[in-house]
Amino acid sequence: MGKHVYTDSREELLSELQKEIGKAKVLSRTRDLLAYDYDATPFMNLPAVVVLPESTEEVSKTLKIAAGYGVPVTPRGAGTSLSGGPVPTPGGIVMSLTRMDKILEIDVKNGIAIVQPGVTNKALQDALKPFGYWYPPDPASFSVATIGGNVAENAGGPHCLKYGVTANYVAGFEVVLPPTGEIVHLGGVTEESPGYDLASLFVGSEGTMGIMTKITVRITPVPMATSTVLAIFKSCWDAATSVFEIIKNGFNPSVLEMLEERMLYEVNEVFKLGYSEEAKALLIIEVDGEPEGLSVELEGITQICRQNNVLLLQVANTEEERENLWRARRGGTSALGRLKPDSAENDIVVPRSKLPEMVDKLQEISESNGVILGALIHAGDGNCHPQVPFDTKVPGEQEAAEHALWEVFQSAVDLGGTISGEHGVGLEKIRGMKLVFNDDELMLMRRLKLMFDPEDILNPDKIFPEDIIIRSKEEQHA
Amino acid sequence: MHKAGSVSESYLQQICQVRSASETANTLLDGFEPQFVAEPIHDEEAAQLLHLANKEGTPIAVMGGGTSFSTGAPLEKLEWAISTQKLYADPVINTDDLLVIAKAGVPLALIQERLKEQGLFLPFDPGSKGTTIGGALALGGSGSHKLGYGSIKEAVLGMKVALADGKIYKFGGQTVKNVVGYDVGKIFVGARGSLGIITEVCLRVYPLPPFSKVILGWVENLGSTWRIAESLEKVRPTVVEFYDAGTAKEVFSLENIPAEGYVLLIKLSGSEPTVEKQWETISEVFVENRAELLWALDEVRSSRSVVGGPKFKVGGSKFEVREDTLWQQRTDWLCRARLGNDANKGDPNYRTDTGIKFFVPRVASYDLAVEIEKLQSKCPYRSQIMVAPLRGLVFVNLESSTCPEFFIEVVQLAKKFSGFASLTYAPVALRQEYYSQQQNHWDTRVKSFFDSRNILNPGKRP
């Protein structure tokens, strides 16, 4: 977008925000703004102002003021997004929700917790532990990522294979809508709510429709026991085949993660795990539930691995052993990322049965583009994180990385999958939207966005291709 | 030729097959008779029909098998109808990815039958005879197996819908994880056909559990049922429901059980050691609460065995009992009274039951059930009650619709317990009055977004 017309009124905007929200909660010095201009992608834009509201009323006032000036607003949690979602619209307002960090209620009898959007996933998990409960969506960034951000992106995590994604755990929320700052309650504590399911629209809407200020999430008793097994394979094909056969045969692992060949190689190098040269793929598999049932599950799963030429099976018998088995999985991104100063990744998803083909395709794309490409895979869901390290100082490397990842998008869609399983579209995947949707579908979604945000101030530059944004605005003003 | 508004039957016949008035004489939709029923066989035909109705401003009904049409908020007006029953093709089952792709007109029972042949199933309750998958999704809700498998909506991976602009839209896909764009498809689930026509759906399916145990038990009082349910949460049952004894006797054909008290229906599923461990815990809970086991059925994927005592039978000879019979009996009870409301309006003996579904915070479900029982004394007609305490669901069937004071007081209870009530089945006038008070402005805006002329199942909404 890059339009800066609204920044002409920056001083008046600043003054009004300071008056209504309080000077201490409104930042305008460049050195402060720089702390909010980024996320975990290479995208960066400087905002005009950062607002740090501490209540629903302050969120409402901010949105109303922003709408009055026609200034875009980007809601922000911890900024750990991998799609550019919290990156500000240039010259707009960042609304950081990290100060709204209270756990308002934990109600185990009703199986819910009510939190403000700035509560981190980890803080919620820690608060639930004494009750013997947990909140299953556990993205890798859980120690810093906020629940508000998780809901905005419909975050997943390793345990979503068995337990579901964020959308399965959001019971309801309080949301503030522009341009009037209207406060609306959607969903609730009950299993069903009256009226159309608007809550489903907002979850995963990437901060483009409204700003959630209270979120009711479902919580569940922690599993009674967990068993972990690591499996090393001679080929990615065998590992990927094992994955879909495990699920197809009715086993219900809580975690099923895979490192493909390149990723495994780097992890083995960095962490000195001692896997032989024959090791081309690794699976981490966990089962949980009643202790009596775990051995039956594990036995069935390991049998499938054996049928698919497994090289090595290691079962963790203690928590320490379990942590050791997870080292490879946890170290993947940094092990590959150390090779170059920068890296790009995406999070395509394919039907599980297409995983073997997709993994082979990743290797093909790596070779044909002359890039290093490794992937960490939430294999049970078919959700791959191909990662391509590059050096911006080497001419052509960034372009080659981006081209390779574009081919990954195309391959995923060709195999019946889609371009994002958990990171969201943000800025990064706008170009890929037309691989998934036709113009009519994009226009319908854009109109829905404008129904809730008629002034188009919430993250106006996210998700949709520019031609769709322009067409929708022309239609709106016609 | 019949003409409805400015749309003639002959014009529609250029688009698709049409059943005329004489053929639709017994089709009652919330008390309205459609002048004719269009039966598209392709998605594009459905879209064309919608576009035409929208252009002309003619109010139309969209129905699947019509088995649950006359429930919930009623139609306000009607000229002709679209039936999706002929949007049909053999369901495509993908056993590798555990999904099924089905056109809206495919009967739910057929899908389940085909899935079972592959050792799979959809965690939906059986519908009535004729229930289509499109109709089941339009009705929405959560079935008996919600605790174990989530709601109907959560099984939807992707769908195609025909909208009033005459176009077909596709949302979602074939993967469980998908965060590309907005989750628009979900808004059509439970929307009662008031926003668009679901023409095709991709659903997540599950392997039949290797082992399952279904249990019927009896307890003396309501308090015991709640204590048992609370104790069961950590066991993670797939189903926990209780019924007043009179209702259970009727629903499950139980003989020789006490006239008072409550019957518990519990289902466990998973690996055999897991289920047996869960059962061990439940048995202890039963003993602590002086509950009595009436009947238990073990089902292994390749065989089955029945465990039972001599003093009861379910559905006839216990050796003929199958687990799916029990769920069909449950559905038949939930649906049976509905068919009495409008279908038999000439019959003086037809039932005019009223079905009310409450959703409350689950900890309130016991208190709500207690209050409903207390109110029973104000009404000479019997009420039947089913409670799913871990879901916060209470279902009440009043064997009459002519007890307004009881009805009003019962419905007010929903607010008292911070929940809400929906009328599943009731005479049209009662549903009209009830639902006229229920709408909020965002629902109106969403309806207007998809159906600006209010021609699509006008009046119907979740």
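Start at the second largest cavity of this predicted model. Its lining is 8 nonpolar residues, with no polar and no charged ones.

Select the lining next. From chain A, take Val175(A), Leu177(A), Val184(A), Leu186(A), Leu198(A), Phe202(A) and Phe452(A). Then add Trp442(B), which also lines this cavity. Colour by element: β8 (170-177), β9 (182-187) and α7 (198-202) of chain A each give two or more residues to the lining. The volume of the second largest cavity is about 30 Å³. The model holds 2 cavities of 30 Å³ or more.

Now show the contact between the chains. Select 80 residues on chain A and 62 residues on chain B. Together the two chains bury about 6,000 Å². Carbon and sulfur atoms give 60% of that area. Pick out Glu191(A), Tyr196(A) and Met451(A): they supply 15% of the area that chain A buries against chain B, more than any other three residues.

Turn to the polar links. Between chain A and chain B there are 8 salt bridges. Zoom in on one of them, Glu422(A) with Lys177(B), where the closest N and O atoms are 2.7 Å apart. Polar contacts join 27 residue pairs across the two chains, counting pairs with both residues at pLDDT 80 or more.

Last stop: helix α15 (residues 439-452) of chain A. With 9 residues, helix α15 gives the most to the side of chain A that touches chain B. Colour that whole side by class to see 37 nonpolar, 26 polar and 17 charged residues.

Note on methods:
Residues numbered from 1 in each chain as written. Chains lettered and ligands numbered in written order. Predicted model: local features only at pLDDT ≥ 70, side-chain atom pairs only at ≥ 80, totals over all residues. Heavy atoms only, no water. Contact = heavy atoms within 4.5 Å. Buried area = accessible area lost by both parts, 1.4 Å probe. Salt bridge = Lys/Arg side-chain N within 4 Å of Asp/Glu carboxyl O. Polar contact = N/O pair within 3.5 Å; in protein donor to acceptor, adjacent residues only side chain to side chain. Helix = DSSP H or I, 4+ residues; strand = E, 2+ residues; numbered from the N terminus. Nonpolar A, V, L, I, M, F, W, Y, C, P; charged D, E, K, R; others polar. 1 Å grid on protein atoms, 1.4 Å probe; cavity = no way out; pocket = protein on both sides within 12 Å on 5 of 7 lines; lining within 4 Å. Points joined across faces, edges and corners; volume = space filled by probe spheres on them.
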